Amino acid sequence: MTSKIKIHHESEVMVITVDNPPINAGSIEVRQGLLDAIAELESHAELKAAIIIGAGSTFIAGSDMKEFSQPLAEPHLPKVIAAIENCPKPVVAALHGAALGGGFELTLACDARIALVGSIIGLPEVTLGIIPGAGGTQRLPRLIGIEKSIELICAGARLKVDEALKLGIIDQVVKSDLLANAIALAKSMVGSKKRIRDISTPISTDQSIQAATQKALKAGKNRPQVQAAIDMICNAQALPIDEGLALEREAFQNLRVSTEARALRHQFFAERKLFKALSGNDVKAQPVNQVAVIGAGTMGSGIAIACLSAGYSVLLLDQSEAALASGVKKLQQFYASRLSNGKMSQEKVNEILQHFSHSSDWAAIASADLIIEAVFEDIDVKHEVFQKIEAHANQNALLASNTSYLDIDAIAARTRNPSRVFGLHFFSPAQVMKLLEIVRCKATSPAAIATSLSFAKRLGKMPVISGNTFGFIGNRIYAAYRRQCEFMLEEGAYPEQIDKALEEYGFAMGPFAVADMSGLDIAWGMRKSQSATRNPEHRYVTIPDTLCRLGRFGRKSGAGYYQYLEGTKFGAVDPLVTQLIDRDSVEKGIVRREFTSQEIVHRVLMSMINEAAHVMSEKVASVSSDCDIALVNGYGFPRWRGGPVFIAGEMGQETLDAELKKLAVVSGAGFVQANTTLLFKDHAEG
Ligand code: NAI
């Protein structure tokens with residue numbers, strides 16, 4: 001036995017315990033140990049059955065992801081599974097915590113599955129760009145049919161075991177004494193085998209398979225692993241199991257080494273790094289029970305919802321009674337819709353709303369542990385609000401600003417205790433968007449950062465720690481991307497062409513559609529305020545200013561880069577904008593030329609990578625993969641492309657630097673080619 005597998009005997013039952021903390025990942029040592037244990041089970045006549053159980057808090061909660069990036073070492077999981085199936089003695093899987101991916105596939109090799117209530121099972125492989133590769137697509141359909149398997153596997157769904165029991169995936173759910181109950185089940189099965197491979201897949205009609213396929217492909221954005229999973233699941237009905245298993249393994253191996261799977265693994269490891277500052281840190285997070293949100297507008301009401309849904313008590317405060325009423329209404333409507341669409345029970349909604357209060361009286365914030373301001377983006381208003389906060393908050397409360405662009409150090413400097421001031425930059429809609437930038441200021445205390453991280457974790461957000469610079473990490477990279485798109489407008493491309501190229505690449509929306517949606521006036525206001533200090537030598541595209549001068553503020557004014565006709569969902573190309581762009585090129589003396597989609601995407605990616613490299617060299621971000629987390633979770637960058645830093649890694653530094661040199665030439669004055677070294681030093685998967 002390897003050190004990761006422990007065995008002992010309970011009379012005629014062998015108890016095989018997987019002990020590979022923290023998640024009992026199915027590593028090579030675990031696989032070898034299981035294989036050895038099954039061989040021992042077979043060779044000892046006095047042993048009549050076995051159970052496989054996890055030590056600590058979980059069953060095998062997944063495979064060891066690090067192994068996926070290298071050639072897989074023997075023994076592979078299918079070999080372990082075959083050994084269990086071929087063993088004449090019954091083997092029972094005893095689940096608690098999570099049985100996911102390879103861990104769950106292992107249970108499908110067993111003759112029965114018993115689980116502790118509250119455990120979860122699932123095959124999340126598609127979310128990592130692969131498919132189950134150890135029989136998941138062949139055995140699950142034999143239990144629950146083709147359509148349900150397509151639904152669950154293609155969504156990478158996690159199921160609670162009581163649902164799995166109803167579906168027939170789990171044989172027994174127990175409230176306690178998992179080990180004793182599993183041993184009893186194993187004893188009751190002595191002398192019999194109940195292999196899933198011997199069950200025939202329930203027959204489904206082409207029509208119902210087609211319907212399930214269409215649904216899964218749509219939800220799975222037509223990604224290749226989703227199609228592959230469907231093809232394999234269908235084999236469970238069309239082919240003998242061994243043929244189906246061989247094809248599944250081949251598809252799994254091909255997908256495993258694809259760029260897309262590597263990109264998704266990069267995201268997985270990047271996410272795992274996010275909370276590193278929290279674990280292994282001596283500095284403890286302060287307890288947070290009550291959160292006060294100042295400003296009940298777009299952001300404030302969304303932040304209040306995010307905090308309430310995470311179980312915090314929330315006070316929403318606004319100086320304007322009308323704004324407060326509208327924020328409260330938005331919040332109530334949100335929970336009413338959660339109730340009506342069945343996403344939340346009446347009890348849950350009642351419980352949440354019991355923890356909600358609102359006021360226009362500053363004295364109400366006295367009991368808050370964390371105060372987040374989301375008032376107008378104006379430094380004088382922010383100063384005034386922080387003064388009021390300080391006057392009424394308790395002295396241990398932490399004070400955060402949701403500002404997008406203002407200097408939080410300047411805000412902190414006017415407070416009595418700048419060590420408790422920092423930024424919590426949410427994204428709109430705050431209850432939905434996963435990204436949360438935690439802005440560390442000069443004086444911010446380590447306890448404030450630790451508290452922000454644990455707060456973000458409870459909110460289910462992806463926290464990225466940023467230095468306090470203009471635009472932090474995300475808006476800064478996004479601004480460089482938008483600027484590059486504006487350059488291309490001047491040089492020959494049109495908004496609809498750029499948007500289409502980027503949407504086809506995988507962005508949720510193109511930059512001009514996004515600009516129209518969020519409103520062009522905000523950025524215009526910012527540009528006007530910066531005009532006195534802008535270097536006149538730098539390249540500056542005037543098209544957005546011209547649109548604003550014409551009152552074209554985007555969707556809300558009926559026109560921006562596109563025109564928005566009554567009753568239409570999408571913007572239409574406006575000949576006036578086309579003319580305006582053509583005229584701008586003439587005025588600048590630029591001869592317009594054709595752009596391919598490929599060139600548009602390339603320039604966008606290079607501009608993002610360049611800015612990410614600046615962000616790293618200026619120490620605004622300390623982990624390069626945080627830039628990818630920000631872009632994917634806050635700006636609609638396709639997750640399966642990995643992010644700009646991943647793409648840089650794929651290119652290699654020499655090629656990248658040569659491309660950035662070319663980008664500097666086409667971008668003109670004001671573009672600074674970054675030193676890319678730090679993008680290569682700190683790789684998410686390393
Ligand atoms: P908003 O205009 O929708 O809401 C601001 C609210 O603050 C209003 O209800 C107003 O009555 C209230 N307010 C103003 N002065 C106040 C004072 N002295 N005391 C109490 N309440 C006061 O603005 P929005 O969009 O929610 O933005 C708020 C902050 O969040 C800004 O700093 C903005 O830059 C930032 N932000 C905005 C994002 C967005 O997409 N809208 C995204 C991320 C950050």
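**Exercise 1.** In this predicted model, find how far a backbone N or O atom of threonine 298 lies from an oxygen atom of the ligand.

*Solution.* Start at the backbone of threonine 298: one of its N or O atoms sits 3.0 Å from a ligand oxygen. A polar contact needs N or O atoms within 3.5 Å, so let's look for other pairs like that. Lysine 382 has a polar side-chain atom 2.7 Å from an oxygen of the ligand. Then there's serine 404, with a side-chain N or O atom 2.8 Å from a ligand oxygen. Last step: the ligand on its own has 830 Å² of accessible area, and the protein covers 81% of that.

**Exercise 2.** Work out which helix gives the most residues to the shell around the ligand.

*Solution.* First, the head count: 23 residues surround the ligand, with Met299 and Asp318 among the closest. Next, sort them: 10 are nonpolar, 9 polar and 4 charged. Now check the elements that supply at least two residues each: helix H12 (298–309), helix H15 (379–392) and strand S15 (421–426). The winner is H15, with 4 residues.

**Exercise 3.** Figure out which strands stand at the edges of the sheet of 6 strands.

*Solution.* Write down the order first: S1-S2-S3-S4-S6-S9, an open sheet with mixed pairing. Strands S1 (5–10) and S9 (172–174) each have a single partner strand, so they stand at the edges with one side lacking a neighbour in the sheet. From one strand to the next, the twist averages 20°. For a closer look inside, take S3 (49–54) and S4 (91–95): they run parallel and are joined by 4 bridges. Isoleucine 51 stands opposite valine 92 in S4.

Note on methods: Residues are numbered from 1 along each chain as its sequence is written. This is a predicted model: local features need pLDDT of at least 70, side-chain atom pairs count only at pLDDT 80 or more; totals for chains, interfaces and linings use all residues. Side-chain values use heavy atoms; hydrogens and water are left out. A residue is near a molecule or strand if one of its heavy atoms lies within 4 Å of it. A polar contact is a pair of N or O atoms within 3.5 Å; within protein, one must be able to donate a hydrogen and the other to accept it, and residues adjacent in sequence count only if both atoms are side-chain atoms. Accessible areas come from the Shrake-Rupley method with a 1.4 Å probe; for residues, only the protein chains shown count as cover. Ala, Val, Leu, Ile, Met, Phe, Trp, Tyr, Cys and Pro count as nonpolar, Asp, Glu, Lys and Arg as charged, and the others, Gly among them, as polar. Two strands pair if DSSP finds at least two bridges between them. Axes are lines fitted to C-alpha atoms, for helices over the stretch in contact, and angles run from 0 to 180 degrees between N-to-C directions.
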